[in-house]
Amino acid sequence: MGYSREIQCKDSNGGNIEFYLFPFVKYSRSQITVVDNVLTAFPYSAIESLNANSITFKEDIDEEDGGVSYTQSTSCKFAKIQSKDDYTRLAQQDYRVIVKDNNGNYRLLGLYNGMKGKFSKDTGSSRNVFNGFDLSFDNKEEKTAPFLTDLSFFDIVPIEGLFLEDGYGNILDDGSGNGVITN
């Protein structure tokens with residue numbers, strides 16, 4: 001097999017604490033560099049922190065036609081449904097997602113193919129049940145989600161409303177006419 005790993009202490013924590021989202025833009029493979037599963041070069045991009053709860057990340061390895069593929073999925077929740085919340089564009093566009101786990105590790109999902117998003121609203125069946133949005137994203141990649149040493153390739157955009165605006169009521173877009181979404 002050619003793979004060995006030392007026994008690890010059981011000192012890692014499950015769960016994720018940060019969720020960042022940004023529109024998928026197709027870059028050439030020469031603009032993205034991954035060395036030893038760490039992203040070392042990526043075009044500078046604006047990302048949005050979604051201040052989410054119940055963040056998950058899962059990656060499954062599948063064999064396909066003699067090769068392997070990685071099925072990546074991530075989800076998060078936002079408490080309370082408000083009238084201004086409209087995440088329709090999440091289902092109309094592909095995204096990249098960055099998740100930070102409770103051990104301080106950042107992972108970039110949808111690096112080469114982007115991720116399809118979908119959302120659901122749930123008011124729950126009683127007072128003690130979750131009321132809010134559940135966002136989920138999934139995709140298939142040829143390589144595993146790379147780690148990031150930090151967020152230095154990214155500009156974290158502040159969140160004000162559903163879409164980012166320029167202060168004059170104009171919605172900012174990603175250069176392709178797609179409004180930049182916030183939570």
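# Aromatic residues in a predicted model

Arg107 lies over the face of Phe147, at 4.1 Å from the ring centre. This arrangement belongs to a predicted model, and the briefing below turns to its aromatic side chains. Eight aromatic pairs are counted in the structure. Ring pairs also join Phe22, Tyr27, Phe42, Phe153 and Phe154 into a cluster.

**Charges over rings**

- In addition to Arg107 over Phe147, the charged end of Arg29 sits over the ring of Tyr112.
- The distance from the charged end of Arg29 to the ring centre of Tyr112 is 4.1 Å.

**The pair Phe22 and Phe42**

- Among the eight aromatic pairs is that of Phe22 and Phe42, whose ring centres are 6.2 Å apart.
- The planes of these two rings meet at 85°, and an angle over 60 degrees counts as edge-to-face, so the pair of Phe22 and Phe42 is edge-to-face.
- Phe22 belongs to strand E1, whereas Phe42 is found in the loop between strand E3 (38-41) and strand E4 (45-49).
- Because the two residues are 20 residues apart in sequence, their pairing ties together separate parts of the chain.
- Phe22 and Phe42 are both buried.

**The pair Phe42 and Phe154**

- Phe42 also pairs with Phe154, with ring centres 5.6 Å apart and planes at 40°.
- This angle is neither under 30 degrees, as for stacked rings, nor over 60, as for edge-to-face rings, so the pair is tilted.
- Phe154 lies in strand E12 (residues 154-157), and the pair links distant parts of the chain, since Phe42 and Phe154 are 112 residues apart.
- Buried means under 20% relative accessible area; Phe42, at 7% relative accessibility, therefore counts as buried.
- By that cut-off, Phe154 is likewise buried, because its relative accessible area is 5%.

**The surroundings of Tyr20**

- Tyr20 is placed in strand E1, which covers residues 16-23.
- With a relative accessible area of 6%, Tyr20 is buried.
- A polar contact of 2.5 Å connects the side chain of Tyr20 with that of Glu18.
- Beyond its neighbours within four places in sequence, Tyr20 is in contact with residues including Ile47, Glu48 and Ser49.
- Further contacts of Tyr20 include Arg96, Val97, Ile98, Tyr106, Leu151 and Ile156.
- Tyr20 and Val99 are 79 residues apart along the chain, yet their C-alpha atoms are separated by 6.4 Å.

Key:
Residues numbered from 1 in each chain as written. Predicted model: local features only at pLDDT ≥ 70, side-chain atom pairs only at ≥ 80, totals over all residues. Heavy atoms only, no water. Helix = DSSP H or I, 4+ residues; strand = E, 2+ residues; numbered from the N terminus. Buried < 20%, exposed > 50% of the residue type's maximum accessible area, 1.4 Å probe, protein only. Contact = heavy atoms within 4.5 Å. Polar contact = N/O pair within 3.5 Å; in protein donor to acceptor, adjacent residues only side chain to side chain. Phe/Tyr/Trp six-rings, centres within 6.5 Å; stacked < 30°, edge-to-face > 60°. Lys NZ or Arg CZ within 6 Å of the ring centre and 35° of its normal.
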